[in-house]
Every structure is written in structure tokens, then in C-alpha cells.
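Ready to practise reading a protein structure? Grab a pencil, open the viewer, and work through the exercises below one step at a time.

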Number of protein chains: 2
Amino acid sequence: METVEIFEVGPRDGLQPEPVFVETAKKIQLVDMLTGAGCKRIEVTSFVNPKWVPQMRDAREVFQGINQKDGVVYNALIPNMKGFERAAESGLKEVVTIMSTSESHNKKNLNTSVPEQLKIIEEINKAAGPEGIRVRSYIATVFGCPIEGSTDPQKALDIALALESYGAYEISLGDTTGMANPDSAYYVPKTILRALKKARLAVHYHKYFGLEFANNLASYNAGIRIFDGAAGGLGGCPYAPGARGNCATEILTEMFHRMGVETGIDQQKIEEAGAFAQSLSTLLYKKDGGVACNT
Amino acid sequence: METVEIFEVGPRDGLQPEPVFVETAKKIQLVDMLTGAGCKRIEVTSFVNPKWVPQMRDAREVFQGINQKDGVVYNALIPNMKGFERAAESGLKEVVTIMSTSESHNKKNLNTSVPEQLKIIEEINKAAGPEGIRVRSYIATVFGCPIEGSTDPQKALDIALALESYGAYEISLGDTTGMANPDSAYYVPKTILRALKKARLAVHYHKYFGLEFANNLASYNAGIRIFDGAAGGLGGCPYAPGARGNCATEILTEMFHRMGVETGIDQQKIEEAGAFAQSLSTLLYKKDGGVACNT
């Protein structure tokens with residue numbers, strides 16, 4: 001039996017850009033539903049400065065409130081050492097860093113340069129290792145940047161190798177604004193997969209009216225077995241013009257299940273979690289005057 | 001340069017299930033926009049009994065009203081000989097027949113058995129040949145039937161070979177209710193493609209929240225180079241419970257264009273035609289109490 005691993009980002013990447021604060025209890029409920037659906041790795045929240053991302057200001061409370069199940073890894077996005085320290089205080093066993101291939105997007109998103117952010121991530125890895133905390137690292141704008149245009153795959157490869165050298169447990173290639181196509185979704189992950197010696201490799205596609213599933217399929221065909229998804233397909237990026245929602249986990253699992261590929265996730269329960277996530281979204285219902293399609 | 005052929009079905013398969021009659025002038029405008037976007041084959045309407053499909057009761061007027069451009073083939077769906085005669089009277093050079101692999105769906109959709117419908121299509125081919133009219137033939141429910149469940153691929157193969165023996169110019173494999181997956185979308189077309197001696201082979205996917213693009217990609221990887229789409233992703237099937245819209249042409253072309261595959265279609269103009277098609281739909285806006293997502 002063939003299996004893939006789904007990395008659930010809905011509570012963080014899905015809810016983060018929501019303009020209306022989602023009650024802490026609802027966030028906890030979403031995470032618990034995802035646990036109940038069989039998700040084994042869940043990006044619960046983000047330890048960022050609440051001044052910049054007020055939606056995630058309850059990071060600590062969410063972590064305290066969720067029903068943590070054995071065998072499930074609950075993690076959080078951290079932009080810097082401060083975030084790492086808060087995450088470590090909350091007892092996390094996995095943290096997620098982020099940076100872009102693109103200087104312009106990195107600056108907008110993190111207010112650092114690419115070399116500065118690499119340095120920060122190196123420090124995070126140095127601090128995480130001794131504490132037994134795993135580091136997952138996003139590389140954003142791998143398949144194109146909404147500001148700079150096309151991305152040289154060599155940039156993503158160089159960054160991936162640097163991240164691996166710092167000790168990254170896993171690297172996830174982000175298509176921040178849904179610019180990938182089945183060719184780039186095949187050859188970029190394939191190239192990086194071949195080059196990595198130890199770090200695991202995932203892909204993280206954003207929506208483009210359904211093309212995200214063709215892209216996930218292409219990456220699967222390239223040998224990728226770890227896929228990021230957000231229940232309900234929520235999301236976007238406030239610092240990436242044109243960013244749409246994340247690839248919907250429940251459609252991704254439907255695709256794999258139809259192919260007979262095991263995900264460990266219960267299809268009906270993840271659809272329920274997706275529907276619940278959508279019920280928390282006002283962003284999803286804002287486009288085109290109240291019509292629900294952040295596709 | 002690699003090219004694919006897009007077979008546009010929006011004016012027929014997209015509009016057909018719309019419960020509110022779409023003005024003839026609007027239908028004509030849609031066809032003209034599709035011609036303007038560079039579509040080379042357009043399924044304009046259906047010569048069916050207006051008692052059963054009142055939406056298509058203006059088939060003749062639509063054909064008279066459209067601005068037919070040299071090099072573009074305008075065709076129509078015909079369920080039987082009566083439809084063929086009406087289509088021939090309207091001067092069509094290509095007609096499109098339909099039947100299902102599934103007895104239950106064939107009965108509901110056409111009120112004939114599978115062998116009866118094969119006989120009808122054989123007669124249509126006999127009549128079409130001498131008049132220089134090409135016959136395109138849909139096989140519906142190839143990747144599963146909403147009534148009968150899974151479909152034995154052998155059934156689709158047998159029907160395809162029968163249709164070819166009658167003289168079909170082209171066969172299109174229909175995923176009537178979006179039940180395909182990237183595996184079946186690869187191996188079923190591949191198997192039939194290998195077996196056909198002369199007839200061309202197309203695929204016709206319906207929506208399942210975006211999986212239709214993964215399915216089109218899989219069929220492309222299997223060697224298919226003719227793809228059906230409906231501008232705006234409209235559609236459904238009144239006799240197929242659970243049927244969703246058609247694969248949206250403008251997203252399909254976007255996928256191919258990103259891959260550097262030529263479609264002959266102008267991306268911006270097909271997006272405009274898609275948006276116009278959506279503006280004609282009330283069905284699209286009915287689901288979930290007024291929310292637009294017939295995905």
C-alpha cells in the first residue's frame with residue numbers, strides 16, 4: 001500500500017489572513033476536528049508579533065486549549081528567534097520557519113533580506129537542536145513571485161541546501177500565489193529531491209481555480225510524498241498580491257483516496273473540518289460582493 | 001511547439017441544464033465571443049426535443065444568428081435521427097452523438113437501452129457519411145456512473161470500437177459526474193487510444209472541486225491531445241444526480257499556456273467569455289442559498 005503524508009496548515013495558513021478575529025475557542029475546535037480526522041501533523045498557529053498578525057495573537061491560548069493526541073505533531077510558524085522562544089515555552093516539538101526566494105517578497109513578508117533571514121533560520125536550528133525540537137522550513141515563492149515574476153529554480157535549490165546544512169528536518173516548497181504549472185511542479189521538486197541528502201521534502205500549493213491539484217499530482221509523479229493542505233481551502237497572504245487560498249486538504253485527500261493512496265485521514269471527517277473552517281472565514285465570502293469563491 | 005485542441009462545449013453542455021431560459025441573443029453573443037477567443041470547434045446547441053430540454057428550443061435560431069468564421073467548426077448535440085435531420089437542415093458539418101456505458105444512465109438520459117442507442121448512432125453515421133458530415137461521439141459515465149457506481153473500462157473500450165466501426169471521426173470520453181481520478185484518467189484513455197485505428201480520442205471531464213485539472217493532466221500524460229471544456233465551467237446533467245459543472249475552458253487553457261503548450265486560444269478573451277457565460281447562469285448561483293460554487 002502506498003501512503004502519502006498530509007501536513008495540515010489550515011489553522012495557521014488558512015486563518016492567518018482572516019480580517020475578523022476568529023474566537024480562540026473556534027480555533028481550538030478546528031484543531032481538535034483535524035486531530036479527530038486523523039491529521040498527524042498540524043500547523044496550529046503562528047508565534048508572530050501580534051502587532052503584525054493580530055489574528056494569531058492567541059497562539060499560546062490555542063496551544064493550551066487543544067486536545068493534544070499522542071502521535072500527532074502540533075507545530076507553529078515562527079518568523080524569528082523571539083517566535084522560537086515563545087514556541088519553545090509552549091512546549092512545541094516542531095517549529096516552522098519561513099523565507100522567500102524573492103528579496104522583494106521576503107522584505108514585505110518578514111522585513112528582512114534573504115541572507116538575513118537565512119542567518120535567523122540558522123540560529124533557530126542551532127537553538128532547536130539541543131532542545132530536541134524539529135525544524136520545518138518553508139521556502140516561499142518557489143514557483144514564481146507576484147512582485148518579481150518568475151523564479152530561478154536554482155535559487156530554491158541553493159536555499160534548500162542551505163536549510164538542510166543548518167539541520168532542517170523538512171523543507172516545504174511554497175507556491176505562494178498559485179503560479180506553478182504541472183511542469184514546474186514536476187521538475188523543481190524533482191531537482192531538489194535529488195540534491196537533498198537528509199532533509200525531507202514537501203510541496204505547498206496555493207489555489208488557482210483547481211490547478212493546485214494538477215500541480216500536486218505532478219509533484220507526486222516526481223516522487224514527492226508530503227503534501228501541505230488547508231482544510232476548507234482557506235488562506236491567502238496579506239503581503240503577496242493575488243494570493244489565493246491554500247490547496248483544500250479534503251480535495252487533496254479525495255484525490256489520493258480515489259487513487260488508492262493512503263493518507264491516514266478520514267474523508268468524511270476532513271470534509272466536516274473543511275466545512276467548519278469555511279464557516280469561520282469572512283475573507284472567503286468577501287470576493288465579488290459576497291460570493292464565495294476564493295479559488 | 002506542442003499543441004492541444006480544445007473542444008468548447010459551453011453553449012451546449014454548459015447552458016443546457018440552466019433552469020431559466022437564456023435569451024437567444026445572449027447565446028449567440030457567447031458563441032461569437034468564443035469564436036473571437038480563437039476556439040476552433042464549438043458545440044453550439046442541441047437538436048433535442050424541446051419538450052425535454054426547453055433551454056435548447058432555439059437551436060435553429062442560434063445557428064442562424066451566430067457569426068460563423070472560416071476555419072471554425074460549429075456543431076450540435078443530437079440524440080437521434082430526428083435531431084440529425086434538423087442539424088443537417090441547419091447546414092452543420094459536424095454533429096455530436098451521445099450514449100452511456102451505463103444502462104441506467106442511458107435510459108434516464110436518452111430513454112433507450114445501450115444496444116438501441118448504438119443502433120441509432122450507427123444509423124446517424126450511415127446518414128452523415130454521404131452528406132459529408134463528421135460525427136463526434138460522446139461516451140458518458142466512462143469513469144463511473146452516479147447510479148451504477150464504478151464502470152468497467154472494458155465497456156467503454158467496446159463501445160469506442162463499435163463507434164469507430166460506424167465511422168466516428170472522434171470519440172470523447174465523458175466523466176459525467178466528476179468521478180475520475182488521475183489513475184483512471186490515465187489508463188482508460190491510454191487503453192482506448194491504443195486500440196483505436198482511425199478515430200481521434202478526446203476527454204471530457206466534469207468538475208470535482210478542481211480535480212478535473214489533475215484528470216486532464218493525467219490524460220495529457222497518457223497522450224490525449226483533445227480536451228473538452230466549457231467556458232465559465234457551467235453545466236451539470238439533469239439526469240445524473242451529483243453532476244457538477246464542466247471543466248472550465250479558461251482554466252484548462254491557463255494550465256496548458258503555463259506549460260508552453262499552444263491551444264490557439266487567447267487567454268484573456270476566453271476568460272472574458274467564461275465570465276460572460278457565468279453571468280448567464282442562475283444554476284451556478286443557486287447552490288447553498290445563493291452562493292456561487294458549482295465546483
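Two strands pair if DSSP finds at least two bridges between them. Keep that handy, and remember that you're looking at a predicted model.

**Exercise 1. Find out how S2(B) and S3(B) pair, and which residue stands opposite B:Thr45.**

Step 1. Look up the strands: S2 of chain B covers residues 41-46, and S3 of chain B covers residues 73-77.

Step 2. Check the bridges. S2(B) and S3(B) have 5 bridges between them and pair in the parallel sense.

Step 3. Pick out one position: across from B:Thr45 you'll find B:Ala76 of S3(B).

Step 4. Follow the chain from S2(B) to S3(B). The path goes through helix H3 (residues 59-65) of chain B, making a right-handed β-α-β crossover.

**Exercise 2. Now look at S3(B) and S4(B): in which sense do they pair, and over how many bridges?**

Step 1. S4 of chain B runs over residues 94-100.

Step 2. S3(B) pairs with S4(B) in the parallel sense, this time over 2 bridges. B:Ala76 turns up again here, opposite B:Val95 in S4(B).

Step 3. Add the helix: H4 (residues 81-89) of chain B joins S3(B) and S4(B) in a right-handed β-α-β unit.

Step 4. Is S3(B) mostly covered or uncovered? Of its 5 residues, 4 are buried, so S3(B) is mostly covered.

**Exercise 3. Test whether the length of H8(A) agrees with what its 12 residues should span.**

Step 1. H8(A) is residues 184-195, and at 1.5 Å a residue it should span 16 Å.

Step 2. The C-alpha atoms at its two ends are 16 Å apart, which agrees.

Step 3. Next, what is buried in H8(A)? The buried residues are A:Ser184, A:Ala185, A:Tyr186, A:Val188, A:Pro189 and A:Ile192.

Step 4. See what they pack against: helices H7 (153-166) and H9 (211-221), plus strands S6 (170-175) and S7 (200-205), of chain A.

Step 5. Two of those partners form a unit with the helix, since S6(A), H8(A) and S7(A) make a right-handed β-α-β unit. S6(A) and S7(A) run parallel and are joined by 6 bridges, with A:Glu170 opposite A:Arg200 of S7(A).

Step 6. Finish with S7(A): 5 of its 6 residues are buried, so the rest of the structure largely encloses this strand.

**Exercise 4. Work out which element gives the largest share of the side of chain A that touches chain B.**

Step 1. Count the contact: 20 residues come from chain A and 20 residues from chain B.

Step 2. On chain A's side, H9 and helix H10 (249-258) each supply at least two residues.

Step 3. The largest share belongs to H9(A), with 6 residues.

Step 4. Sort chain A's side by type, and you get 14 nonpolar, 2 polar and 4 charged residues.

Step 5. Look at H9(A) by itself. It's mostly covered, with 10 of its 11 residues buried, including A:Leu211, A:Phe213 and A:Tyr220. After H9(A) comes A:Gly223, with a positive phi near 110°.

**Exercise 5. Decide how compact chain A is for its 295 residues.**

Step 1. Chain A contains 12 helices and 8 strands.

Step 2. Its radius of gyration is 17 Å, close to the 19 Å from the globule rule, so chain A is as compact as a globular protein of that length.

Step 3. Along the principal axes, its C-alpha atoms fill a box of roughly 45 × 40 × 40 Å.

Step 4. Buried residues make up 56% of chain A.

Conventions: Residues numbered from 1 in each chain as written. Chains lettered and ligands numbered in written order. Predicted model: local features only at pLDDT ≥ 70, side-chain atom pairs only at ≥ 80, totals over all residues. Expected span 1.5 Å × (residues − 1). Buried ≥ 20, exposed ≤ 12 C-beta atoms within 10 Å, placed from the backbone. Contact = placed C-beta atoms within 7 Å. Nonpolar A, V, L, I, M, F, W, Y, C, P; charged D, E, K, R; others polar. Rg over C-alpha atoms; globule rule 2.2 N^0.38 Å.
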